[in-house]
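Me: I am in my first year and still learning how to read a protein model. Could you take me through this one slowly, with a close look at a single part?

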Amino acid sequence: MCSGKIGRPLNARVVSTTIGFGPKLTSAHDYFNKKPSGANLLTINAGHTLDVVEAVLGDIVEIDARAEILWPSVKLMDIGEESVRETSDHVDVLGKTRSGAVFTANINGGLEPEDARFSIEIRGSEGWLSLTGGHPYGFQAGDLKLTSNVAFERPEEAVVTGGLWGAAINVGEVYAHLGRDVHAGTYSTPGFDHALHNARLIEAVKRAGARGERQRLC
């Protein structure tokens, strides 16, 4: 969570895009279009995006959302057939965190690799900070750059960056963290409780997007 250098967090604006969930896919990835698979923009990209919002600003306590299917017909490039998309490829989220900060998040797919980007801009009572990235598979697969108008300690440079290697490093760091917990007898790595919390958060986004009703999570 914010260390306090920017003062009281006031608001945040998030843009989170990916090349996935667009108008073209291979047939091997058609399961992303179907509800039974459970793998879609909401459970993957929205889940990661809201997770980082909570990591920085604290637990989300209220959610409004608008979910849409902008690409209802998807071309399966390798077999030349069309598939019907059953899950959202665009969602806008308006929320409030326990810290009192409000945020907006625009999460969508179908971007060209060079256009995919991630940014979270946070304004506080004493300053601002920004995290930006541009990995085509989403910010969780790539490196992030931190800027701010207040002094901060520069993070260590990643050992490997870019492409799928960057994504592998992120996953590897989770396992390394788990290994340290096992050896030290600590419980700092996100576990089942964190996963359950995230699942409930995504379900609240689904309900809000479908019904247009504000969802309270506290």
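How far apart are the mean positions of the positive and negative charges of the protein chain? After that, please look closely at strand β8 and the residues Phe118 and Ser119.

Reply: Let me begin with your question, keeping in mind throughout that this is a predicted model. The protein chain carries 22 positive and 27 negative charges, and the mean positions of these two groups are 6 Å apart.

Before turning to the strand, it helps to have the whole chain in view. The chain has 3 helices and 11 strands, and, read from the N terminus, these elements follow the order β-β-α-β-β-β-β-β-β-β-β-α-α-β. The C-alpha trace spans about 55 × 40 × 35 Å along its principal axes. For 218 residues, a compact globule would have a radius of gyration near 17 Å, and the 18 Å of this chain agrees with that. Of the 218 residues, 39% count as buried, while the accessible surface comes to about 12500 Å², with 55% of it belonging to carbon and sulfur atoms. If we take the contacts with a separation of 6 or more positions, 67% of them come from residues 24 or more positions apart.

Now to the part you asked about. Strand β8 covers residues 118-124, and Ser119 is found in it. Is Ser119 buried or exposed? Its relative accessible area is 5%, and because buried means under 20%, Ser119 counts as buried. Setting aside its neighbours within four places in sequence, Ser119 is in contact with Arg13, Val14, Val15, Leu131 and Thr132. Strand β1 runs over 9-17 and strand β9 over 128-133, which are useful ranges to hold beside that list of partners.

Phe118, also in strand β8, is buried as well, with 2% relative accessibility. The structure holds 3 aromatic pairs. One of them joins Phe118 and Phe139, whose rings are stacked, with 4.3 Å from centre to centre and 25° between the planes. This pair links distant parts of the chain, since Phe139 sits in the loop between β9 and β10 (145-148), 21 residues from Phe118. Phe139 counts as buried too, at 10% relative accessibility.

For comparison, look at another aromatic group, in which ring pairs link Phe21, Tyr31 and Phe32 into a cluster. Phe21 lies in the loop between β1 and β2 (24-25), and it is buried, with 7% relative accessibility. Its backbone deserves a careful look: most residues other than glycine have a negative phi, yet the phi of Phe21 is positive, near 65°. A positive phi, near 100°, is also found at Gly58, the residue that follows helix α1.

Helix α1 itself, residues 42-57, lets you compare a helix with your strand, for its buried residues include Leu42, Ala46, Thr49, Leu50, Val53 and Leu57. In an α-helix there are 3.6 residues a turn, so residues three or four places apart point the same way.

Finally, a residue with a less covered side chain: Glu173, in helix α2 (residues 163-184), has 49% relative accessibility and counts as partly exposed. Glu173 and Arg8 are 165 residues apart in sequence, and their C-alpha atoms are 30 Å apart in space.

Note on methods
Residues are numbered from 1 along each chain as its sequence is written. This is a predicted model: local features need pLDDT of at least 70, side-chain atom pairs count only at pLDDT 80 or more; totals for chains, interfaces and linings use all residues. Side-chain values use heavy atoms; hydrogens and water are left out. Helices (H or I, at least four residues) and strands (E, at least two) are DSSP runs, numbered from the N terminus. The radius of gyration is taken over C-alpha atoms; the globule rule is 2.2 Å times the number of residues to the power 0.38. Buried means under 20% relative accessible area, exposed over 50%, partly exposed in between (1.4 Å probe, protein chains only). Contact means heavy atoms within 4.5 Å. Accessible areas come from the Shrake-Rupley method with a 1.4 Å probe; for residues, only the protein chains shown count as cover. Lys and Arg count as positive and Asp and Glu as negative; His and the chain ends are not counted. The place of a charge is taken as NZ of Lys, CZ of Arg, CG of Asp or CD of Glu. Rings of Phe, Tyr and Trp (its six-membered ring) pair if their centres lie within 6.5 Å; planes under 30 degrees apart count as stacked, over 60 as edge-to-face and the rest as tilted.
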